[in-house]
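Welcome, and please have your viewer ready. We will go from stop to stop, selecting a few residues at a time.

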Amino acid sequence: MAAPAASVPASRRTLGRDRRQEALAGYGLVAVPMLLFLVFQIGSIFFAIYISLWKWGPLGPTGLNPFRGIRNYQTILSDPIFWKAITNILYYAVIWVPLTMAIGLFLAVIVNQKIRGQTFFRASFYFPAIASSAAITTLFIFIMGPEGLFNGVRQALGVNPIFSLFGFPSNYNWLGESRTAMNSIIILNAWTTSGTFMLFYLASLQSISHEVYEAAAIDGANAWQTFWRVTFPLLRPGHYFVATVAVIGALQLFDQAIFVGGSGGEPNNALTTPVLFLYRAAISDFNFGYAAAVGVILLVLIMAATLIQRRLFGQAPSW
Amino acid sequence: MRSLRFGLPIVVLLVLSACAGNNGTGGQSGGSSFDPSSISGTVVFTGWQASKDEGVALQAALDGFKAKYPKIKVDYQPIATDYATAMAAKFSAHQPPDLFYVDSFVSHDWIEQGLLAPLDDLASSRGFDTGQFYPGFLNAFKGSDGKIYGFPKDGNALGMAYNSDTLSAAGIQPPTTWDELVAAGQKLTTGGKHAFCLSSTLDRELAFIYQNGGSLFNDDLTKSAVDSDATKQAITWYLDLFKNGYGVRPKDLGDDWCGTSLGKGKVAMIFEGGWLDPFMKSTYPNVKYAWAPLPKGKQEANLGFTVSYSIGKDSKNKDAAWVLLTYLTGPDGMKIWTQGGVANPSRKDVSAPAGKEVLVKGAEIAHPWSFIPGFSKINDAFNNAMTAAIEAKSDDPTKIVNDTKTAIDQALNS
């Protein structure tokens, strides 16, 4: 063993030692955040899985027979409100994700043009994303109320006959009625989040090389064709990233739901989401084990969704 | 004139309660070795605060405590928002405050989790008489083991608040029965105006269910009793108020709660509790309104809302906390706390502040707004089904009762 090492030239040995030291320093530096990550992220996931098998409160296991095995999961899966929460969130994700991606991409393409006031438009499209969700949701509640701005504007524009065709009276409470509450939240969040998606897409757009556009121009492609045949397919890594972030965000919908509908998910559970359901179990009932089980189910759901998306978009770009 | 009329009974009561206080102390020195005036230390004391007036009233009560027990220091640490979340963290760390608020709505969850210390043995060995508390308030803190885990710091029952000008203009007296209420609703619902702002939630409607002889549970809270004709009838009657347009939900008027609707003059009557008064005083001081008892159904019944002072199982300084607890929920402390008008007494031996007589009388017939662990899901099930029925303009109670029963059965079996 010692012999081959001795035969290595002196210069390579020093390099090896340098590399080792460098690697050691690197691992040393990474170790600190990694340890925090393992303990507080991965560790808490495993702890959540553990307590999801118990009747568990602030002081730990509670009651005479605290071990529940899979019964927490059985109770959750037989709870109609949980299924309502899942249906709500799937509906939300199916509508909101493509809608917001489309708006985000549209805005990105617009502000990617060489137009006057480019910075101003970028900033103003992004602006709703930096406002706190509490503040913006509170404003939205006022806007969409029976005597709110939205109803006032459609009154002033004289378009109420069209709305009444669909059964919306002039003082309709958009967030207070179960058939429109979730759709209103979708519109609110599409508006506030599209700015963020615009930024993501903008980064992807700018990474597309000029040469492909020049080639398309030489081939006589018009703007419409260039977008659909060149830009859109080449944005595939961007689509994957934005779609993944969007779906994870959608499945975790909470802030707007609790501000509008309270912890009860009013009206009529239209705004109950899985995270809200979890929050209710943990904070209203102090039933941490049950809440942890909801969290585990949500984790599985989000992981499954992400893996599916990876299959759909995730191959390495082919250019 | 007014202050004199109410001032006299208060003076009489002051004297009476002073005597009661002396009796209590006498009992203690005879019965056991616990002498509150010998206790010293710091009590960490936590609650929430709904208004500035509340802070002033509480400070006055704490000043009274300081004068009587100078050896005990009170470290008041109110929690501004998200009380339950903050308390969950403190309980998990095994470092709860020594004395803290517990809302009757969650008391059974907290009791079942073993977070609170039972108080019965202390009360009997240390001579604190719990017989003066209205049962509708005290029983909110009785665990399934029959022990008491908190004493109500104050209490509220529901009453009917009505706009005096609107009623006298229409020439009607405040209704006293369900039939009179419906008649008044018919008369006052004109020209796009509604007679009542009604909350569609269980925390109001249950009072009417009790009035009709209905209930959610059997007496010892071990079985669902919601599936009864009396309950269904009451729900139908309540839904009809919406269906006929006599009553609307606050959100249909664009308001956050019925107090706002009364203040803005959109409705003539609402059903709320004493929390309305400080709100009206600060937000709509010029609106003239008065209280009347809840209109009577088949029987008189009311719903009691309360918050306790409780001691944690892991609290460090339990003896000093006990002294503060019994002062604040005793006649002296409660008198100071309630006389500012921010709260109503939970004890029969503390008289109602001026103008609150109707509400305090409701406490005598109040059922506690407090049931079993996991009740929040039952509450949600009821409220959501109510919302669906109101949106569908239906008065069919079937789904409401069925959903509630399912939730009750699930909570009882988990």
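How many bridges join strand β3 (residues 99-103) of chain B to β10(B), and do the two run parallel or antiparallel? Select both strands: four bridges join them, and they run antiparallel. Keep in mind as you look around that this is a predicted model.

**Stop 1: strand β10 of chain B**

To see one of the pairs in that ladder, pick B:Asp103, whose bridge partner in β10(B) is B:Val307. Now add strand β4 (residues 151-157) of chain B, which pairs with β10(B) in the antiparallel sense over six bridges. Here B:Pro152 has B:Ser308 as its bridge partner in β10(B). Next, bring in β11(B), which runs parallel to β10(B) and is joined to it by three bridges. The pair to click on is B:Leu303 with its bridge partner in β11(B), B:His367. As a reminder, strands of a sheet pair through backbone hydrogen bonds, either parallel or antiparallel.

Colour β10 (residues 302-310) of chain B by burial, and you will find nine of its nine residues buried, so the strand is mostly covered. In a regular strand the side chains alternate between the two faces of the sheet. Show the side chains of β10(B): B:Asn302, B:Gly304, B:Thr306, B:Ser308 and B:Ser310 point one way, while B:Leu303, B:Phe305, B:Val307 and B:Tyr309 point the other way, and all are buried.

**Stop 2: the five-stranded sheet of chain B**

Move on to the open sheet whose five strands come in the order β7-β6-β8-β5-β9 (chain B), with mixed pairing. Its edge strands are β7 (247-248) and β9 (289-292) of chain B, each pairing on one side only. Zoom in on β9(B) and its partner, strand β5 (residues 159-163) of chain B: the two pair in the antiparallel sense over four bridges. B:Met160 stands opposite B:Ala292 in β9(B), and B:Tyr162 has B:Ala290 as its bridge partner there.

Which face of β9(B) is covered, and which is uncovered? Turn on its side chains: B:Tyr289 and B:Trp291 make up the covered face, and B:Ala290 and B:Ala292 the uncovered one.

**Stop 3: the whole of chain B**

Zoom out to see chain B in full, with its 17 helices and 11 strands. Its C-alpha atoms fill a box of roughly 65 × 60 × 35 Å along the principal axes. A compact globule of 414 residues would have a radius of gyration near 22 Å, and chain B, with 22 Å, agrees with that. Buried residues make up 50% of the 414 residues in the chain. Among contacts in chain B between residues at least 6 apart in sequence, 77% join residues at least 24 apart.

**Stop 4: two domains and the contact between them**

Give each domain of chain B its own colour: the assignment has domain 1 as 2-156 + 305-368 and domain 2 as 157-303 + 372-413. Taken over C-alpha atoms, their centres are 29 Å apart. The contact takes 20 residues from domain 1 of chain B and 21 residues from domain 2 of chain B. On the domain 1 side, α4 (107-112), α15 (357-363) and β11 (366-368) of chain B each supply at least two residues. The largest share of that side, five residues, comes from α15(B). By class, the domain 1 side has eight nonpolar, seven polar and five charged residues.

**Stop 5: the nonpolar core**

Which residues touch the most other members of the largest nonpolar core? Select A:Val294 and B:Leu324, which do so in a core of 177 residues. Helix α4 (residues 80-111) of chain A gives the most to this core, with 11 residues. Stay with B:Leu324 and display what surrounds it: leaving aside neighbours within four places in sequence, B:Leu324 is in contact with B:Val43, B:Phe45, B:Phe65, B:Ile72, B:Val74 and B:Leu99.

**Stop 6: where the chains meet, and an open helix**

Show both chains: 23 residues of chain A are in contact with 25 residues of chain B. On the chain A side, helix α14 (residues 274-284) of chain A provides the largest share, three residues. That side divides into six nonpolar, 12 polar and five charged residues.

Finish at helix α10 (residues 210-218) of chain A, where the number buried among its nine residues is zero, so the helix lies largely in the open. Just after α10(A), look for A:Gly220, which takes a positive phi of about 85 degrees.

Notes: Residues are numbered from 1 along each chain as its sequence is written. Chains are lettered from A and ligands numbered from 1 in the order in which they are written. This is a predicted model: local features need pLDDT of at least 70, side-chain atom pairs count only at pLDDT 80 or more; totals for chains, interfaces and linings use all residues. Two residues are in contact if their C-beta atoms, placed from the backbone, lie within 7 Å. Ala, Val, Leu, Ile, Met, Phe, Trp, Tyr, Cys and Pro count as nonpolar, Asp, Glu, Lys and Arg as charged, and the others, Gly among them, as polar. Domain bounds come from an automatic or database domain assignment. The radius of gyration is taken over C-alpha atoms; the globule rule is 2.2 Å times the number of residues to the power 0.38. A residue is buried if 20 or more other C-beta atoms lie within 10 Å of its own, exposed if 12 or fewer, and partly exposed in between; C-beta atoms are placed from the backbone. Two strands pair if DSSP finds at least two bridges between them. A nonpolar core is a set of buried Ala, Val, Leu, Ile, Met, Phe, Trp, Tyr and Cys residues joined through C-beta atoms within 7 Å.
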